[in-house]
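Visitor: Please take me through one part of this protein at close range. After that, I would like to see the whole around it.

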Amino acid sequence: MKEAIKLKDLHFKTDDKHILKGISGGIAEREITTFVGPSGAGKTTLLKMLNALLTPTSGEIIINGKELNTYEPTELRKQVGIALQSAPMVDGDVYDNLSLPMRLQERSLEEEEAINILKVVGLEESQLHQNVKDLSGGQRQKLSIARTLVNRPNVLLLDEITSSLDQTSQREIDELIQRVSKKYGTTIIWITHNLNQALTVGTYTWILMDGELIEAGKSQDIQNSTNDRVQAFLKGELK
């Protein structure tokens, strides 16, 4: 397994809480890795560190062979995209939102390129100038993902992006993420509370509990774990 990201003994503490406790491991390049675990396990904290939204108390994060803290912020944002559950939008139409990453770099996004990106995520050319207020939840999430693809990131971070969607929209997003992974060779890390989704969509799965990495491996092998805590989680006994 070639690693796109390497974590070395990551810790994160606040004044009264030790949230991450020595996380070490490698994230496979050009594959989908899902993060699962009970609430409060530290999944979102870890994900935010990979985009420098949070800084570890100690430990190292290496992305594409380079320490995270040596990246210029603008370069890091190009290489590591993030899409959140809330799919925040700016006022305006689909094109206004899609072109936002380029405008922040004082560049422009050609409409032809914008249309091509919409097609990748399953949105129609006719929606390019549709007001974002008129989009469904699933369409907003697709647009949020499309926006992260404008910079062609090497790494894409996803935090609970389907948790508020209906089953049909969730299935469409599942297929979309797999399509993006194959089309662009993107390394994808996806936090989900849906265990079946994690094991089905992810090539690899990490299980975090109480700030520790309890199990990591191929998703198809996780269900056969001999770890009692992992089995309890898989059976729904830990939430």
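**The first hairpin**

Guide: Start at one pair of residues: His11 has Lys21, in strand 2, as its bridge partner. Keep in mind that the model is predicted. Now widen the view to the two strands. Strand 1 covers residues 3–13. Strand 2 covers residues 18–28. They pair in the antiparallel sense, and eight bridges link them. Between them sits the turn: four residues make the hairpin connection from strand 1 to strand 2.

Next, the setting. The protein has 10 helices and 10 strands in its secondary structure. How far does the C-alpha trace span along the principal axes? About 50 × 40 × 35 Å. The radius of gyration is 18 Å. A compact globule of 239 residues would have a value near 18 Å, so the protein agrees with that expectation.

Then look at contacts. Take those between residues at least 6 apart in sequence: 66% of them join residues at least 24 apart.

What share of the residues is buried? Of the 239 residues, 51% are. Buried here means under 20% relative accessible area. On the outside, the protein exposes about 11,700 Å². Carbon and sulfur atoms supply 43% of that area.

Last, the charges. The protein carries 28 positive and 33 negative charges. The mean positions of the two sets lie 2 Å apart.

Back to the start, then: His11 and Lys21 are bridge partners, and strands 1 and 2 form an antiparallel pair.

Note on methods:
Residues numbered from 1 in each chain as written. Predicted model: local features only at pLDDT ≥ 70, side-chain atom pairs only at ≥ 80, totals over all residues. Heavy atoms only, no water. Pairing = 2+ DSSP bridges. Rg over C-alpha atoms; globule rule 2.2 N^0.38 Å. Buried < 20%, exposed > 50% of the residue type's maximum accessible area, 1.4 Å probe, protein only. Contact = heavy atoms within 4.5 Å. Areas by Shrake-Rupley, 256 points an atom, 1.4 Å probe, with all protein chains shown as cover. Lys, Arg positive; Asp, Glu negative; His and termini not counted. Charge placed at Lys NZ, Arg CZ, Asp CG, Glu CD.
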